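Please write a short report on this protein chain for a first-year student. Keep the sentences brisk and use short headings.

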Amino acid sequence: MSSHGEHTGGGMTPEKCELELKDIAEKTPIVRFLLEALAKAGFPVTETFFDVQRCDQAVLGGFRPSSGVVLCHNNLLTRTDMENMLTHELVHAYDHCR
């Protein structure tokens with residue numbers, strides 16, 4: 001996983017992270033664009049592509065080619081953090097699928 005800012009604790013609950021993820025995927029233009037681009041490239045993203053986890057490392061999330069995007073709920077403090085991390089990791093996913 002790649003590091004996207006240091007953070008020592010707190011963060012979102014898994015439930016809050018799931019709700020934000022769903023809302024961001026529906027409403028944030030760049031994330032919607034990347035999800036549509038993945039689908040057009042033959043890689044439709046389903047809910048199982050995203051995995052909300054508690055992470056021991058000080059990362060917000062990461063892309064794993066074998067499984068998708070991990071979101072570290074305990075390190076994500078804000079919706080903006082999540083939008084930026086998702087945008088970054090979805091670019092990695094797009095590059096990988098191409």
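## Overall build

What radius of gyration would a compact globule with 98 residues have, and what does the protein chain have? For 98 residues, a compact globule would come out near 13 Å. The protein chain has 12 Å, so the value agrees with that of a compact globule. Keep in mind that this is a predicted model.

The C-alpha trace can also be described by its spans. Along the principal axes, these are about 35 × 25 × 20 Å. Of the 98 residues in the protein chain, 40% are buried.

## Order of the elements

The protein chain has three helices and three strands. Read from the N terminus, the order is α-α-β-β-β-α. Two helices therefore come before the strands, and one helix follows them, by the run of elements numbered from the N terminus.

## The sheet

The three strands make one open sheet. Their order across the sheet is β1-β3-β2, and the pairing is mixed. β1 (50–53) and β2 (61–64) are the edge strands, each pairing on one side only. On average, neighbouring strands are turned by 20° against each other, direction ignored.

Which sense does each pairing take? β1 and β3 (residues 68–72) run in the parallel sense, with four bridges. β2 and β3 also have four bridges, but in the antiparallel sense. These two strands, β2 and β3, form a hairpin, with three residues between them.

## Partners in β3

Some bridge partners can be named. Phe-50 has Val-69 in β3 as its bridge partner. Gln-53 is partnered with Cys-72 in β3. On the β2 and β3 pairing, Phe-63 stands opposite Val-69. Val-69 thus appears twice, as the bridge partner of Phe-50 and opposite Phe-63.

## Two faces of β1

Which residues of β1 are on its covered face, and which are on its uncovered face? Phe-50 and Val-52 make up the covered face. Asp-51 and Gln-53 make up the uncovered one.

## The largest pocket

The largest pocket holds about 290 Å³ of space. Two elements, α1 (14–27) and β1, each give two or more residues to its lining. The greatest share comes from α1, with five residues. Among the lining residues are Glu-18, Leu-21, Lys-22, Ala-25 and Glu-26. Phe-50, Asp-51 and Val-52 also line the pocket. So do Leu-35, Val-45, Thr-46 and Glu-47.

What is the mix of classes in this lining? Six residues are nonpolar, one is polar and five are charged.

## A closer look at Glu-47

Glu-47 is one of the residues that line the largest pocket. Where does Glu-47 lie? Its place is the loop between α2 (29–40) and β1.

Is Glu-47 buried or exposed? Its relative accessibility is 76%. Exposed means over 50%, so Glu-47 counts as exposed. Now compare Glu-47 with Phe-33. They are 14 residues apart along the chain. Their C-alpha atoms are separated by 17 Å.

Notes:
Residues numbered from 1 in each chain as written. Predicted model: local features only at pLDDT ≥ 70, side-chain atom pairs only at ≥ 80, totals over all residues. Heavy atoms only, no water. Pairing = 2+ DSSP bridges. Axes fitted to C-alpha atoms, helices over the stretch in contact; angles between N-to-C directions. 1 Å grid on protein atoms, 1.4 Å probe; cavity = no way out; pocket = protein on both sides within 12 Å on 5 of 7 lines; lining within 4 Å. Points joined across faces, edges and corners; volume = space filled by probe spheres on them. Nonpolar A, V, L, I, M, F, W, Y, C, P; charged D, E, K, R; others polar. Rg over C-alpha atoms; globule rule 2.2 N^0.38 Å. Buried < 20%, exposed > 50% of the residue type's maximum accessible area, 1.4 Å probe, protein only.
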